[in-house]
Structures are given as C-alpha cells and as structure tokens.
Amino acid sequence: MTEKLEYSNIFESVTDDASIAADLQFRSDLIMTLIDLIEKKGWKQIEIAKVLDIPQPRVSELLRGKISLFSSDRLIGYLARLGVRLRPSVNKDHQVICEVEMEAA
C-alpha cells in the first residue's frame, strides 16, 4: 500500500528545513502577486523592466516564476515600485497578519 503524503506547504516536499520551505512559499506568494499586478496593468516586458528598473531578461525570469533567482527583499522592493507596501503585525490573539497598502492608481 502506498503512503499518502500531505503537506500544508508544497515546498515542505523538497526540504526538511521548515524555514527554507517557508521562505520558498513566501517568495512564491510574492512572485504570484507581482505577476497578478503586472498582468492587470497589461504591460509589455520592456515596460515592466522600466518600472522595476531591471533588465528585460530579468523580467522574463520573474514572469516565469524563477523563485530561486529572487530574494524576498528584492521582490518586496519590486512591489514597492508598483506602489504596494506590506505591513506585517501581530493581533491580540498572537496571530500574524499582513496589511497591504496600495497607492491609488
């Protein structure tokens, strides 16, 4: 009989280190958010490169979801260039929450 593996974070399947899995999941979430914002704007890669101040090949890597090529810091910086600010905090029940502030378009 085959054992069924279950993960709350898919990246737990590639590493035994919970902190690495959490970082990979966070970077994945950031990249997916960036891609979503970019797609909604309908920009071409050259326009994205100008806004994010990165070379076009780097934009291509971002849009293809190359998680290993981007740090969390870098991705948060890209979000900031798009007018997005993340504000993590802890509520009264000791749960981490993250407010998102977006500049008016």
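## Briefing: helix α1, its surroundings and the polar pairs

D23 and R27 sit 4 residues apart in helix α1, which means about one helical turn separates them. Helices here are DSSP runs of H or I with at least four residues, strands are DSSP runs of E with at least two, and both are numbered from the N terminus. We're looking at a predicted model, where local features need pLDDT of at least 70, side-chain atom pairs count only at pLDDT 80 or more, and totals for chains, interfaces and linings use all residues. Residue numbers start from 1 along each chain as its sequence is written, and side-chain values use heavy atoms, with hydrogens and water left out.

**The big picture**

- The protein has 4 helices and 2 strands, and going along the sequence they come in the pattern α-α-α-α-β-β.
- Of the 105 residues in the protein, 28% are buried; buried means under 20% relative accessible area, exposed means over 50%, and partly exposed is what lies in between, using a 1.4 Å probe and protein chains only.
- About 7,800 Å² of the protein is exposed, and carbon and sulfur atoms supply 52% of that; the areas come from the Shrake-Rupley method with a 1.4 Å probe, and for residues only the protein chains shown count as cover.
- Among contacts with a separation of 6 or more, 44% are between residues 24 or more positions apart, a contact being heavy atoms within 4.5 Å.

**Helix α1**

- Helix α1 covers residues 18–41, and its 24 residues should span 34 Å at 1.5 Å a residue; the end C-alpha atoms are 35 Å apart, so the two agree. The expected span is 1.5 Å times one less than the number of residues.
- Its buried residues are A21, L24, R27, S28, L30, I31, L34, I35, L37 and I38.
- That buried set packs against α2 (45–52), α3 (56–63), α4 (72–81), β1 (84–90) and β2 (96–102).
- Right after α1 comes G42, with a positive phi near 70°.

**L30 up close**

- L30 lies in helix α1 and counts as buried because its relative accessibility is 5%.
- Leaving out residues up to four places away in sequence, L30 touches S72, L75, I76, L79 and L86.
- L30 and I67 are 37 residues apart along the chain, and their C-alpha atoms are separated by 9.5 Å.

**The strand pair**

- β1 and β2 run antiparallel, joined by 7 bridges; strands pair if DSSP finds at least two bridges between them.
- L86, one of the residues touched by L30, has V100 in β2 as its bridge partner.
- The two strands make a hairpin with 5 residues in between, and H94 in the turn has a positive phi of about 65°.

**Salt bridges**

- The structure holds 4 salt bridges, each needing a side-chain nitrogen of Lys or Arg within 4 Å of a carboxyl oxygen of Asp or Glu.
- One of them joins the side chains of D23 and R27, at 3.0 Å from N to O.
- D23 is partly exposed, with a relative accessible area of 31%, while R27 is buried at 12%.
- Another brings together the side chains of E61 and R58, at 3.1 Å from N to O. Both residues lie in helix α3, 3 residues apart, about one turn of the helix.
- E61 is partly exposed, with a relative accessible area of 21%, and R58 is partly exposed too, with 23%.
- R87 and E101 form a salt bridge as well, their closest N and O atoms being 3.4 Å apart. This pair links distant parts of the chain, with R87 in strand β1 and E101 in strand β2, 14 residues apart.
- R87 counts as partly exposed at 35% relative accessibility, and E101 is partly exposed with a relative accessible area of 35%.

**The aromatic pair**

- Searching the whole structure turns up 1 aromatic pair. The ring centres of F70 and Y78 are 6.2 Å apart and the planes are at 70°, so this is an edge-to-face pair.
- For rings of Phe, Tyr and Trp (its six-membered ring), pairing means centres within 6.5 Å; planes under 30 degrees apart are stacked, over 60 edge-to-face, and the rest tilted.
- Both partners are under cover: F70 is buried with a relative accessible area of 1%, and Y78 is buried with 3%.
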